[in-house]
Amino acid sequence: MSFSKYLRVQANELWEKEQSHPFIQEIGDGKLPLTNFQYFMKQDYIFLIEFCKVIAICVAKTEKISDMKFFSSLLHETINTEMDLHISFCSDFGITQQELEKTLPSKVTHSYTNHLLKVAYSKSALDIAVSILPCAWGYSEIGQKLKSKGLPDHAPLYSKWIELYSSKEFEELSNQIKSYIDTESSNVSKQYKNDLENIFITSSHHEYDFWDSAYKLLP
């Protein structure tokens with residue numbers, strides 16, 4: 001079993017809890033109240049800014065040119081393509097760019113991004129990749145599972161969101177992160193793998209809390 005698959009198995013109970021969360025299920029049904037999705041999109045905008053900083057640090061900490069190229073391309077896709085789409089989605093949901101720029105992070109968003117930045121500044125590129133994997137891989141799984149149940153045609157904006165995160169292009173980004181992790185972790189110590197597992201589980205908990213906070217509209 002690859003190390004990335006091992007990490008996924010260890011977090012399976014938490015990931016299943018996340019994927020069955022009413023926030024996600026109601027996106028799939030097209031029944032999620034607009035207020036909750038607007039909250040989510042605003043907080044996700046804040047998250048993406050910090051996420052880009054984490055990837056940028058990862059680029060600086062990689063040693064192989066091929067890895068620099070990959071993480072640079074991931075940064076490019078996130079800061080340009082994904083963030084542009086995010087701003088466009090927000091506009092569709094009645095959120096202006098000015099509102100986005102004035103958004104303050106919730107306690108949950110602040111805690112999550114602090115975790116990622118702490119890993120980024122203090123640890124290696126491998127640690128960073130493990131810390132961001134639950135986000136990239138988790139969204140891909142959620143998008144694909146929701147799409148497999150059928151798009152909510154009566155809620156075209158939610159359908160558009162599901163289409164984005166269920167796409168093969170988005171899946172490929174998470175697959176490349178997994179491939180990097182599997183390669184770089186192949187010869188590390190058992191203790192280091194335990195440390196990486198703890199980072200992965202911590203990020204997975206933050207992922208769950210991020211969805212939950214949007215459903216509960218937590219400050």
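In these legends Ala, Val, Leu, Ile, Met, Phe, Trp, Tyr, Cys and Pro count as nonpolar, Asp, Glu, Lys and Arg as charged, and the others, Gly among them, as polar. The model is predicted, so that local features need pLDDT of at least 70 and side-chain atom pairs count only at pLDDT 80 or more, while totals for chains, interfaces and linings use all residues. Residues are numbered from 1 along each chain as its sequence is written, and side-chain values use heavy atoms, with hydrogens and water left out.

**View A. Lining of the largest pocket.** The largest pocket (an open set of points on a 1 Å grid over the protein atoms alone, with protein on both sides within 12 Å along at least five of seven lines; lining residues have an atom within 4 Å of a point) has a volume of about 330 Å³. Of its 19 lining residues, E77, E82, Y165, F170 and L173 are the closest to the centre. The lining divides into 12 nonpolar, 3 polar and 4 charged residues, and its largest share, 6 residues, comes from α5.

**View B. The largest cavity.** The largest cavity (points where a 1.4 Å probe fits but cannot get out) has a volume of about 30 Å³. M41, E82, L85, H86, F89, L164 and Y165 line this cavity, and α5 supplies the largest share, 4 residues.

**View C. The buried side of α1.** In helix α1 (residues 3-10; helices are DSSP runs of H or I, at least four residues, numbered from the N terminus), F3, S4, L7 and R8 are buried (under 20% relative accessible area, 1.4 Å probe, protein chains only). These residues lie on the same side of α1 because they cover an arc of only 145 degrees around the axis, taken from the directions from the helix axis to the C-beta atoms.

Definitions and conventions:
Grid points are joined across faces, edges and corners, and a volume is the space filled by probe spheres set on the points. Helices (H or I, at least four residues) and strands (E, at least two) are DSSP runs, numbered from the N terminus. Buried means under 20% relative accessible area, exposed over 50%, partly exposed in between (1.4 Å probe, protein chains only).
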